[in-house]
Amino acid sequence: MLSNGLIKTFIILSSVLVFACSESEDMKNPFYTSYETDFEVPPFSDIKDEHFLPAFEKGMKEHNLEIQSIIDNDNTPSFENVIVALERSGDLLNKVGAVFFNISQSNTNKNLENIERKISPRLTQHYDAISLNPKIFRKVKNLWDNIDHLNLNNEQKKLLEENYKQFVRNGSLLKGEDKKRYADINQNISELSVQFAQNLLAETNGFELILDEGDLSGLPQDVIDLAGQEAIRRAEEATKEENRKKYKEKYVFTPHRSSMYPFLTYSTRRDLREQLYKAYIMRGDNNNQNDNKKIVSKIASLRVERANLLGFKSHAHYSLDDKMAKTPEAVYELLYQLWDPALARAKNELQEMQDIVDREGHNFEVASWDWWHYSEKVRKEKYDLDEEEIKVYFSLDNAIKGIFTTANKLFGLTFHEIEDIDLYHPDARIWEVKDKDGSHIGTYIGDYFTRPSKRGGAWMSTFKDQSNLDGRERPIVSNVCNFPPPSSGKPSLLSFEHVTTLFHEFGHGLHGLLTNVTYESLSGTSVTRDFVEFPSQVLEHWASEPELLKVYAKHYETGETIPEELINKMVEAGKFNQGFANAEYLAASFLDMDWHTLETSKIQDTVSFEKSSLEKIGLIDEIVSRYRTTYFQHIFSSGYSAGYYSYIWAAVLDSDAFDAFKQSSDIFNPKLADNYRQFILEAGGTEDPMVLYEKFRGQKPTIDALLEDRGLN
Ligand SMILES: [Zn+2]
């Protein structure tokens, strides 16, 4: 404790020296003082764009000084003077980063975009310098080697392990030539990944299907309008007269999914569907200057070499070592268990579509580019569900009532909206969350409506994480969505997909809100990527439960409860096209695993590698892997290599977990809810996820419930 007191004094003194010249500026920067607000919500109306950069700079300087003082501490390394000191370091940086990165995602502007461009590479450098610092590593290793003699509890052991493993996984044990080679490989991979992404972007933007009015048969008016606007936009951007002419009174479709899927679904022009879909699946494989084939085989090869340096057989072995799945064998086992039922179901779906083609008197066999068009016809016949008919029961306020009721019935939480706290945008709302005994649990911010300053999609994040290290610190959790705002006198009305999204993000939110651990870096959603989607996906199950729907799904005008018949239709429709959806997803997961279980750094022929990978599982020609190798961005230019399986891994858990509630005949079973809260939500990353899961469930998960949920049994 004494050493920490010294560190703090040292930092405060140094900051005064370093920043004495700008003292008056400092006084005005809200990040430099503690927030004197209710629940320590950042004082958004005082925070100006110009506060961020100086606070980032100062935050990095302070953090470096803190790290230096850990290094300079001559006392024998202890859990307290190394691990806890690391845990406490970087306060200001965390504080400014939390506000900045939330707002730059949900309410950005040109200033913030500029700051982000400037600060992101600096932060990467800053954190890399710490996570690769050999002097810190020496101290951490000293503790790790003596872990059994340090008298640590389980959470402390886990924190030490996480710290140690992170250093080792970053190559800290390497020496001499190996260390240099390791750094070169990383550099090389990151350059190739950037090249991969740029090529893919060029390929996606490089194809356009320019159509006349006569080519639009089957397309709904809103799809036509968007394609018309795209043509106008391109004409306006064109610099040459001939290009402007090219788009005049035309309609443009592209291999972007948002443009392609509606076209594939509705266009009755089979020849054009084929053209567009082939352009999509050939991206990066056109033997032009944007070709990705050599790049991916090079990346795969370098990853094998890097894994070998770190003592692993393959990149997948390395990557999975710190995940819930642990080994490639465990991932393959799951994928194979699901593959046969998914493929069998997909073949049935194919037959249903072929029947329609035959009935319509056509003389062709359904091909991959027909799947969306004919599955839509099947959907209409078998599950016809009118979105507009459903939406009236799901105003945003009703959906919010749905998530809060779920949290109340499961955990006794109550939500109290606070009107007089200034947030970063008038659309954002804030609630105090109280436990069943009335004590404060945390704060929940909901920012639900779409707007131009918000990036797409939906997500959960935190403005402040939970910890108990220096007193009871409760979290500020945020959900951001892109739902339609109220319009022409109607409230915001959600599709059921939107409602499911709200439950999903709120599931992450509960993970962040209910967590109760000592150390911030293990709190809430700080868990492995194949576990993190479990609490979010499991909450989705409640959304469609008739018992809950009767509470929250009420007509926004009449208050009438959603009819039973409509509920049944919705549940049935959930199983539509699941064979295809699962097969294309699983195929991509196999492909990912095959690339990353390579044990040789020999350069592969990309096309034949992919072909044999998919032949091995018997993928049919009518289905293309959800991502082909040359545009599989998840695994070649973002962090999901040997990780695309994670979604289905978590799905096994969420189906199995919800099944426990169903089996008990009480979807709010108090005993199960208590266990779920204690062992999953409160525990965060303090223990191995499988251990936590078994504590909650009393047994290992099985895939039976997932097969049932997806209609694959
Ligand atoms: Zn999620």
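Me: Before we get to the zinc site, what counts as a donor here?
Reply: Donors are N, O and S atoms within 2.8 Å of the metal. Keep in mind that this is a predicted model, and that water is not among the atoms, so sites may look incomplete. For zinc, then, the cut-off to remember is 2.8 Å.

Me: Which protein residues are donors of the zinc ion, and how are they spaced in sequence?
Reply: Two histidines, His504 and His508, each offer NE2, and Glu533 joins in through OE. These donors lie 2.1 Å from the zinc ion. Written as a sequence pattern, the spacing is H-x3-H-x24-E.

Me: How many residues apart in sequence are the parts that His504 and Glu533 tie together?
Reply: His504 sits in helix H20, which covers residues 496-514. Glu533 is in the loop between H20 and helix H21 (534-543). So the pair links parts of the chain whose separation in sequence is 29 residues.

Me: Is Glu533 buried or exposed?
Reply: Buried means under 20% relative accessible area. Glu533 comes in at 18% relative accessibility, and its fellow donor His504 is at 14%. So Glu533 counts as buried.

Me: Moving on to helix H28, why does Arg677 count as buried?
Reply: Arg677 lies in H28, residues 670-681. Leaving aside neighbours within four places in sequence, its contacts include Phe411, Asp435 and Glu682. Arg677 counts as buried because its relative accessible area is 9%.

Me: Which helices do the buried residues of H12 pack against?
Reply: In H12 (residues 257-266), the buried residues include Met260, Phe263 and Leu264. The buried residues pack against strands E1 and E2. Their helix partners are H13 (270-281) and H17 (371-383).

Conventions: Residues are numbered from 1 along each chain as its sequence is written. This is a predicted model: local features need pLDDT of at least 70, side-chain atom pairs count only at pLDDT 80 or more; totals for chains, interfaces and linings use all residues. Side-chain values use heavy atoms; hydrogens and water are left out. Buried means under 20% relative accessible area, exposed over 50%, partly exposed in between (1.4 Å probe, protein chains only). Helices (H or I, at least four residues) and strands (E, at least two) are DSSP runs, numbered from the N terminus. Contact means heavy atoms within 4.5 Å. Donors are N, O and S atoms within 2.8 Å of the metal (3.2 Å for Na, K and Ca); water is not among the atoms, so sites may look incomplete.
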